[in-house]
Amino acid sequence: MASSLDTVAHDILIGNDLGGYTIPTKGLYPYQWNWDSVFVALGFATFDLNRAWRELETLFEGQWTDGMLPHILFRKNDPGYFPGPDVWKTTHEPFPTSGHSQPPVAAIVVRDLYEQSPTPENAARAKALFPKLMAWHRWWATYRDPSGEGSVAIIHPWESGRDNLPDWDEPLSLVDTSGIEAYERKDTTHVDASVRPRKLDYDRYMAILQSGRAVGWDPVKVVENSPFLVADPAITMILLRANRDLLALAASLGIDEAKAEIEGWIARLEKGAASLWNEEVQAFTTKNLRSGVRGAGVSSAAFLAPFAGVGTPDQLAAMRAHFDRIAAKATFTVPSYDPDYPGFEPMRYWRGPIWAVVNYMIARGLAESGDAERSERVRADTERLVALSGFAEYFSPIDGTGAGGRSFSWTAAVWLAWVS
Ligand code: 9WN
């Protein structure tokens with residue numbers, strides 16, 4: 001029988017549905033976001049599979065001709081969000097978008113939706129999305145491995161989906177902000193500034209955005225011109241996982257001609273993920289491709305290794321040791337950043353708070369790799385957080401306080417698909 005929180009979660013998804021696409025939350029994020037929509041589809045799939053497919057289909061309406069799937073789709077202008085379409089100045093038709101991507105979780109969920117109900121009708125919908133997923137994954141492979149090491153490089157912290165992670169501090173410190181245009185933030189009119197990125201971060205975000213805009217968002221020039229170019233273990237591992245799912249999907253759908261190309265991507269990403277092992281931190285961390293400096297601490301990305309199917313036995317043992325140390329210290333798992341690290345801030349966005357969607361991926365990987373105990377700890381903590389603070393955007397790992405946007409779509413979706 002559905003609990004009252006299930007009903008609330010269901011109503012949040014319905015309430016944030018603007019007709020075939022869903023916004024993350026009203027006010028703060030009034031557009032369709034890339035990885036948000038994918039998790040939202042998982043939530044819809046628990047009560048309306050047709051609507052779940054629709055979410056993914058509308059998301060791919062934003063795909064560029066070069067294969068890139070943007071991080072925001074601006075279907076209609078909303079002055080409540082900054083930076084909007086007039087700042088990005090992209091040329092996608094029939095509606096503008098942002099100029100870079102976000103974590104490529106879509107293939108994972110397309111496979112889930114198809115396997116939930118492998119009818120001929122759902123096979124047709126999966127087959128229609130398949131070439132679009134291939135084009136997006138090919139875009140990452142073509143343009144985002146400039147080091148040739150196999151890891152995935154991002155050109156903006158927003159592309160990582162983990163905007164103000166402490167690991168971006170060093171690469172962001174090299175970004176020249178002297179040429180930025182005057183701008184006015186809108187996020188801090190919706191939520192408290194103390195739980196958002198700082199002004200200095202925003203200045204740097206704007207400088208990077210302007211560098212992409214200056215080259216017309218050309219995929220090669222963007223990488224050459226960006227003052228920020230960092231290998232991200234989370235995107236590397238998510239793309240690796242997504243390619244494994246894409247390969248399985250190709251097999252179920254009988255699309256044999258895609259096999260060799262996807263296998264090539266998988267082999268490269270396995271090498272790339274391995275290259276991000278940080279011996280000093282004993283975890284997979286970021287690597288600044290401009291300066292060579294590696295991330296100095298353990299972020300939640302480190303716990304995605306089982307989800308991606310990477311890590312040697314020793315590396316996975318080190319990951320479990322970090323998990324147990326952090327779990328003993330924090331009341332709730334999994335903080336976005338190590339509470340023992342000086343840059344940790346329990347309420348400031350990606351510098352410490354817990355995000356339900358990251359917990360979902362971590363727990364799924366742990367469960368699949370046979371670690372039922374740690375997986376259940378993450379699930380039960382997520383349940384306690386929502387019971388305590390509702391469907392917030394993110395939560396303090398120390399006392400469970402909710403922060404950011406409320407009635408948040410992906411928190412509700414993950415609740416329905418996994419927690420409850
Ligand atoms: C910029 C929508 C998005 C998430 C990101 C999260 C936050 C946007 C912002 O909100 O980023 O993309 O303006 O702060 O960091 O992961 O997709 O929920």
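A crossing of two helices is called left-handed if the near helix is turned anticlockwise from the far one by less than a right angle. With that term in hand, we can walk through this structure, which is a predicted model, beginning with a pair of helices to which the term applies.

Helix α3, which covers residues 49–59, and helix α5, which covers residues 106–116, have axes that come within 11 Å and cross at roughly 155°. Because angles over 145 degrees count as roughly antiparallel, α3 is described as roughly antiparallel to α5. The crossing of these two helices, α3 and α5, is left-handed. On the α3 side the contact is made by L49, A52, W53 and L56, and on the α5 side by A106, V110, L113 and Q116. Sorted by class, the residues of this contact of α3 with α5 comprise seven nonpolar, one polar and no charged.

Helix α5 also packs against helix α2, residues 34–44, and here the angle is about 15°, with the axes 9 Å apart. The two helices α2 and α5 are therefore roughly parallel to each other, and their crossing is left-handed. In this contact V38, A41 and L42 of α2 meet A106, V109, D112 and L113 of α5. The residues of the contact of α2 with α5 divide into six nonpolar, no polar and one charged. If you compare the two lists of contact residues, you will find A106 and L113 of α5 named in the contact with α3 and named again in the contact with α2.

Another helix pair lies further along the chain, where helix α17 (residues 372–389) and helix α18 (residues 409–419) pack at an angle of about 135°, their axes being 11 Å apart. At this angle α17 and α18 are oblique to each other, and α17 passes α18 in a left-handed crossing. The residues that meet are R379, T382, E383 and V386 in α17 and T411, W415, W418 and V419 in α18. By class, this contact of α17 with α18 is made up of four nonpolar, two polar and two charged residues.

Turning from helices to strands, we find an open sheet of three strands in the order β3-β4-β7, with antiparallel pairing. Its edge strands are β3 (153–154) and β7 (287–288), each of which pairs on one side only. Strand β4, residues 230–231, pairs with β7 in the antiparallel sense over two bridges, and within this part of the sheet V230 stands opposite N288 of β7.

Some details of the backbone are worth following in the loops. F82 and P83 are joined by a cis peptide bond, with omega about 0°, and P83 is placed in the loop between β2 (72–73) and α4 (85–88). In the loop between α4 and α5 lies K89, which has a positive phi of about 50° although it is not a glycine. A cis peptide bond, again with omega about 0°, joins T333 and V334, and V334 belongs to the loop between α15 (313–329) and α16 (356–368).

Finally, we come to the ligand, which is surrounded by P24, Y29, W33, W35, D36, H71, W158, G161, D163 and D187. By class, the shell around the ligand contains five nonpolar, two polar and three charged residues.

Terms used. Residues numbered from 1 in each chain as written. Predicted model: local features only at pLDDT ≥ 70, side-chain atom pairs only at ≥ 80, totals over all residues. Near = placed C-beta within 6 Å. Nonpolar A, V, L, I, M, F, W, Y, C, P; charged D, E, K, R; others polar. Axes fitted to C-alpha atoms, helices over the stretch in contact; angles between N-to-C directions. Helix = DSSP H or I, 4+ residues; strand = E, 2+ residues; numbered from the N terminus. Parallel < 35°, antiparallel > 145°, perpendicular 65-115°, else oblique. Contact = placed C-beta atoms within 7 Å. Pairing = 2+ DSSP bridges.
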